[in-house]
Amino acid sequence: MNGTVLSLTFRGMLGRRRSLLLFALPIVMIALAVVIRLIVGVDEDTAVPMLQRFALGILLPLVALIAGTGVIAPEIDDGEIIYLLAKPVSRWSIVASKLVTAIVLTVAFTTVPTLIAGVVLTGGAADPVPGFAAGTIVGAVAYCAVFVLLGVISRHAVVFGLLYALVWETLVGGYVPGARAVSVQDWAYSLTYSMSTDLGTKPEVGAAVALPLLAAVTVVALCVAVQRLRSLSLTGDS
Amino acid sequence: MTATTIHDIGYRHYGGPRLGRGYAIRSLYSNSLRGVFGLGRPGRAKVLPFALFALMCIPALVSVAVRLVMAKLVPTAPPINLFPYRAYIFDLQAISAIFLAAQSPQMVSRDLRFHVMPLYLSRPIRRFDYILAKLAAMFSALLIVFAAPLTLLYLGALLNKMNAWDQLTQYGPALGGAVVYALVLAAFGLCVASLTPRRGFGVAAIIALYLVSYGAVSILQGILVANTYDSAAGYVGLLSPYTLVEGFQTWALRQEHTGIGYVEPGAGGAVFVVVVVAVLAAALGILVARYRKVAS
Amino acid sequence: MSTIKIEQASRWYGNVVAVNDVTMTIGPGVTGLLGPNGAGKSTLIHMMGGFLAPSAGAVTLDGEPIWRNQGVYRKIGLVPEREAAYDFLTGRQFALANAKLHKLPNPREAAERALRLVEMTEAADRAIGTYSKGMRQRMKMASALVHDPAVLLLDEPFNGMDPRQRMQLIELINGMGAAGRTVLFSSHILEEVEQVAAHIEVVVAGRHAASGDFREIRRLMTDRPHRFVIRSDDDRRLASALIAHDSVGAVELAAHGGGAALHVQAADFGAFVAAAPQIARKNGIRLWEVLPADESLESVFAYLVTS
């Protein structure tokens, strides 16, 4: 990991319109939690589906997509990445630093709001809340790794990431349980399920399988991203 | 020293009639419309829009086919409509949302990114013409995407020898709804996309705003209905593009209501119309303000 | 001593061959890489910079391959053509970041030195996003010089520079070349290359067309007659005397820059140069001016490109 790359990437992410969007999305979730609390008071039966659907199913993949692609795709697109690559810095540290930046941002804009929304909805930091927070953390790691990889290999990283998160995980996964078993969202939820008591919907895959899968996806995505970055060709204009 | 001249080697000044502003606007419109579907661009650009278009049409085809088969196998059974006209666009909103998110930035972000706006504006086209042409193009593209499956359903119904008038009373208003969908979505998509020159970020922003607003609205509506606040649930639909148009369709086009929540038939429901108009006006205002800063 | 060797390198994209079997050696001193647009100069520089792999052949620096070898960047400084840089950083921060990425023992000092070298110290505290094109170019130079590299690769460095900045850059490049560094820059602006590079490499349509000192190259082009412009006190008589000599191919009496002059095409450079004064003396004609009309880099280039 390289401190300079970390600092450059952080500053790049937080200075622009991107940060505006990153702030706005969790605020909607927290506002929703407040409104729900005003309507129904403390009710775990509403809190759980809301957190599962919104925090894990919508906020997490979106923030990870914006952060994961945003830490590397614009630099490659503009050609700025040449200033990082034309240095005796190992490609591992470059990718790792960018991934860490993406994960930290995702956790900040997903886990923290999830905790807040959970506290608001359940009146305390008890049972399902830590589970959901933990789910967002492991989901953030895996999602960011996949999206950083997409950012390195494709110029249309965001569209592909979207097709994965929206079409595969939500649409197809909504109808075909088998597809749900191969989705980061389900694996993250299985950690939540295992940490909480009686959440209702079961995940497709148990935590004992899901966690190693998440780790494997992360490691594989990292490796492939490093390999591709080593052979990155910059061909002048556009 | 001889005077400066240009020798006649084929360069000619064109002093004749020019085709004018209207032609320029129409050309920009048709070029943008073709660009949405990837026509006139390399093959890869056609894959996504056509794939999504096909996905939109497939349920209609399936519905027609199933009815044909059922009519043959069980002639006495009443005709079933797997994917009715009324809820078609709403039920398949994910597909058109991706279409909008992927293609809106492609239409406006590139002009901003590569700073070609001065080139456009130094021609007879005005800023407002540019905006209108782009909006019209996105509107037309979305209308095609929405109207095609509805039309397939209608033609399929005629093929199945169903009552033409009966079908028309459903097909017509559904088409009207498609028009409003296309208007609202085009305005929303182009507005967001024009705020950033980066195409990838534009895609993310559009889909994020859509998904978060729809997620929040549907969760909230579910909770409200479970607690018998039905009409409040209906009004919450104002906060997300697809539910907004649904409310409009229910109230203005006298359709029966789909989804949850309840839109009041009286003056209360008219607020949907007001909001639709307000959204369109606001989007136009934002676009005008945005493009005023560009290339000035 | 750092030498880049390109050995029979080719690069193709599908059916399009960008670089076609090029062999060259870039040694210490200043070398100009010359060629029309689309000739493959950028492709070659990207290959030398490790950002493009040759489809065939090898590109090495002192024997080690440059592709997929991040350690080699200790020795190479790269000034890319595209203008992108981190707009939100100030010049000083950018130079410092580059110095830190090079893992220099004293990054702050190195950054200041680089800024001084490119004369950007006053503007160094403004964001790069506010810089003019020339200033951005200088920032790119600073980022390439911060680690005092032995090899400097510049891709179209004079693009967008005003005359004063150009002179500064020429001075800088000459200084580095004199200090024994290997400096390669690409350009299609011939006057600059003439002023700076002792040694040129000409690339045309992906092929290596010529290499060396451009005057020598001209002399080697024996299939093209050499042109001269001669002013004398009796052009017509000199013309008829010259055309009688073997080495002269054609004579023409025409205007040349305000006044009559004699244009001579000589097939044999050496023989003509020896014979012309003698012919003039024999005929009692006084020569006022004898100029080679096509020894400029421009004409050499034109010949190479159209051949």
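**Aromatic pairs and the A–B interface**

Y210(B) counts as buried, at 5% relative accessibility. Keep in mind that this is a predicted model. Y214(B) also counts as buried, at 19% relative accessibility; the cut-off is under 20%. These two tyrosines sit four residues apart in helix 8 of chain B, residues 199-226, so about one helical turn separates them. Their rings form a stacked aromatic pair, 6.2 Å centre to centre, with 10° between the planes. Both belong to a cluster linked by ring pairs, together with F90(B), F146(B), Y181(B) and Y242(B).

Now chain A. Over all chains, the search finds 23 aromatic pairs. One of them is Y143(A) with F147(A): stacked, 5.7 Å centre to centre, 10° between the planes. They are four residues apart in helix 7 of chain A, residues 128-153, so again about one helical turn lies between them. Y143(A) is buried, at 0% relative accessible area. F147(A) is buried, at 0% as well.

On to the interface. Chain A and chain B each give 30 residues to the contact. Together they bury about 2800 Å², 79% of it on carbon and sulfur atoms. On the chain A side, R17(A), I39(A) and L166(A) lose the most area, together 18% of what that side buries.

What about charges? The rule finds three salt bridges across the interface. One salt bridge joins the side chains of R113(B) and D78(A), 3.0 Å from N to O. Seven residue pairs are in polar contact across the interface.

Which helix gives the largest share of the chain A side? Helix 2 of chain A does, with 10 residues. By type, that side divides into 21 nonpolar, two polar and seven charged residues.

Terms used. Residues numbered from 1 in each chain as written. Chains lettered and ligands numbered in written order. Predicted model: local features only at pLDDT ≥ 70, side-chain atom pairs only at ≥ 80, totals over all residues. Heavy atoms only, no water. Contact = heavy atoms within 4.5 Å. Buried area = accessible area lost by both parts, 1.4 Å probe. Salt bridge = Lys/Arg side-chain N within 4 Å of Asp/Glu carboxyl O. Polar contact = N/O pair within 3.5 Å; in protein donor to acceptor, adjacent residues only side chain to side chain. Nonpolar A, V, L, I, M, F, W, Y, C, P; charged D, E, K, R; others polar. Phe/Tyr/Trp six-rings, centres within 6.5 Å; stacked < 30°, edge-to-face > 60°. Buried < 20%, exposed > 50% of the residue type's maximum accessible area, 1.4 Å probe, protein only.
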